[in-house]
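Reader: I'd like to go through this one feature by feature. Could you show me how to read it?

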Amino acid sequence: MKKFMKIFALTMSIAMFATGCQSSGQPAATTASAENSAKTEASTAAENDKPVTLKFSWWGSDSRHEAMQKVADLYTAKHPNVTIETEYGAFDGWQQKVLTQLAGKTEADVMQVNYNWVHSFGKGKNIFADLKTLPGVDLSNWDQSQIDSMTVDGQVAAVPHGVTARANFYNKALFEAAGVSYPATYEEIIAAGKAIGKDNTATGAENKYVLTNIGKVSTDLYIAQMLFNRTGKVMQENGTMNYTIDEVKDIFSIYKSFEDAAAFPTLQQEDSIQNESNPVWTAGNSGSVYEWVGTADKYLNSYKGGEAKDEISVAPWVTEKAGDVVKVFVKPSLGYAISRNCKNPEVAADFLNFMFTDKEAIEALGTSLGVSSNKVSRQVQEENSMIKGAMKEGYDLLAKYEQVTLDPYFEDENVRGKRYDVIEAFRSGSITLEQAASDYITKQQTELDKLYK
């Protein structure tokens with residue numbers, strides 16, 4: 001198990017995702033290869049008259065649903081004997097849904113998976129089809145470090161879409177109106193809060209904030225990055241929590257000070273809509289959101305109805321003190337796996353390859369899933385000028401920082417679920433600072449112990 005818990009450095013620079021550079025001296029894939037790869041690798045089963053039905057599942061926003069459905073339709077148009085049944089929904093609860101399906105052997109043939117799933121679902125044993133045994137998927141189109149991140153028990157459990165990190169996407173108009181710059185330090189967050197949120201009320205619908213952490217995952221990752229900034233230590237190594245109670249107390253206390261200064265909303269002030277449709281963000285009353293660089297489009301499209309994208313920019317990661325050096329947590333944004341129970345794995349592999357190498361499919365996906373780390377997909381994204389605006393700014397900025405890959409068990413539902421519970425209890429005032437810091441460590445440790453048995 002321990003071999004899956006190490007933090008590894010990605011050998012491909014994030015800059016390559018934004019500029020189209022190649023690693024290891026390998027030549028760029030040509031547009032012709034993007035058009036022909038699916039044909040040269042197409043399985044006989046996908047091209048003959050034998051009726052084949054595949055089930056394809058994913059989670060995401062409405063824009064992703066529309067793009068994914070187009071890809072499925074493109075494939076079936078080119079392979080009339082293949083029917084693709086699609087299943088999709090929001091991310092919340094999706095992991096439990098997939099686990100239930102896996103237990104009952106009713107899972108999709110091709111499924112979108114989160115980075116940690118391929119490692120934690122089988123507790124170190126790959127439970128998905130080994131993609132290196134299915135010739136329809138051209139694994140050479142990814143850098144080897146990317147394939148390694150999805151390799152479990154020596155088998156390629158999934159292929160990654162790309163690499164992503166959380167960054168501050170901020171509303172320039174709100175800061176200009178308040179006469180302050182986007183904060184660079186924790187003290188500046190508090191000062192900006194006093195300027196931007198000076199007229200806030202306890203539950204006012206028109207409140208304004210420096211930053212709105214939308215959803216539990218955003219608050220959790222923001223605090224995790226603060227802990228990493230302060231200590232230089234990752235959350236856990238080899239199944240053992242790395243932080244002391246005093247270290248956690250300090251960061252929780254600082255986060256609470258942001259809320260007290262009206263820089264961040266309190267738990268009671270948060271709107272019930274905890275996604276890109278959050279009205280504080282869409283109305284332009286949130287100074288920024290802490291969001292994945294790879295999926296920032298959904299926030300850009302929802303901000304003021306998508307009509308004011310030029311008001312959104314990307315700010316550097318905030319530091320505790322001026323001059324502090326930040327290392328940024330990154331992770332494979334998501335991946336695609338094929339079920340071991342798939343009755344037509346060659347067709348499933350051909351469809352998976354089609355998603356990444358067919359020009360029409362790549363254009364249909366656009367950047368709804370962010371910047372691709374597949375060389376063919378990325379070249380088409382570059383040639384079609386898909387990577388632009390705040391998303392490109394985000395990747396360009398990320399390239400300037402040292403990156404550390406999140407432990408795959410950081411996002412285990414049970415492990416992070418304990419963090420969610422503790423953070424919410426502390427923010428609500430139902431437990432003390434001391435108790436919150438202690439629980440943050442001990443409750444995660446209990447779940448990690450189960451994973452390391």
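Author: Sure, we'll go through a sheet, the helix across it, and one more helix. Bear in mind that this is a predicted model.

Reader: Let's begin with the sheet. What is the order of its 3 strands?

Author: In general, strands of a sheet pair through backbone hydrogen bonds, in parallel or antiparallel fashion. Here the order is β7-β13-β15, in an open sheet with mixed pairing. β7 (163-164) and β15 (402-405) each have a single partner strand, so they stand at the edges with one side lacking a neighbour in the sheet. β7 pairs with β13 (residues 327-332) in the antiparallel sense, over 2 bridges, and T164 sits opposite K331 of β13.

Reader: Which helix lies across β13 and β15?

Author: That's α10, running at about 135° to β13. T219 belongs to this helix, which covers residues 216-231.

Reader: Is T219 buried or exposed?

Author: The cut-off for buried is under 20% relative accessible area. T219 has 4% relative accessibility, so it counts as buried. Beyond its neighbours within four places in sequence, T219 contacts N213, Y255, I423 and R427.

Reader: Now α19. Where does it bend?

Author: At D439, by about 25°. Even so, α19 (residues 433-451) reaches 28 Å from first C-alpha to last, close to the expected 27 Å.

Reader: And which residues of α19 are buried?

Author: An α-helix has 3.6 residues a turn, so residues three or four places apart point the same way. In α19 the buried ones include A437, Y440, I441, Q444, L448 and L451. Among the elements covering the buried residues of α19 are α10, α11 (245-260) and α18 (413-428).

Definitions and conventions: Residues are numbered from 1 along each chain as its sequence is written. This is a predicted model: local features need pLDDT of at least 70, side-chain atom pairs count only at pLDDT 80 or more; totals for chains, interfaces and linings use all residues. Side-chain values use heavy atoms; hydrogens and water are left out. Helices (H or I, at least four residues) and strands (E, at least two) are DSSP runs, numbered from the N terminus. Buried means under 20% relative accessible area, exposed over 50%, partly exposed in between (1.4 Å probe, protein chains only). Contact means heavy atoms within 4.5 Å. Two strands pair if DSSP finds at least two bridges between them. Axes are lines fitted to C-alpha atoms, for helices over the stretch in contact, and angles run from 0 to 180 degrees between N-to-C directions. The expected span of a helix is 1.5 Å times one less than its number of residues. The bend at a residue is the angle between axes fitted to the seven residues ending there and the seven starting there.
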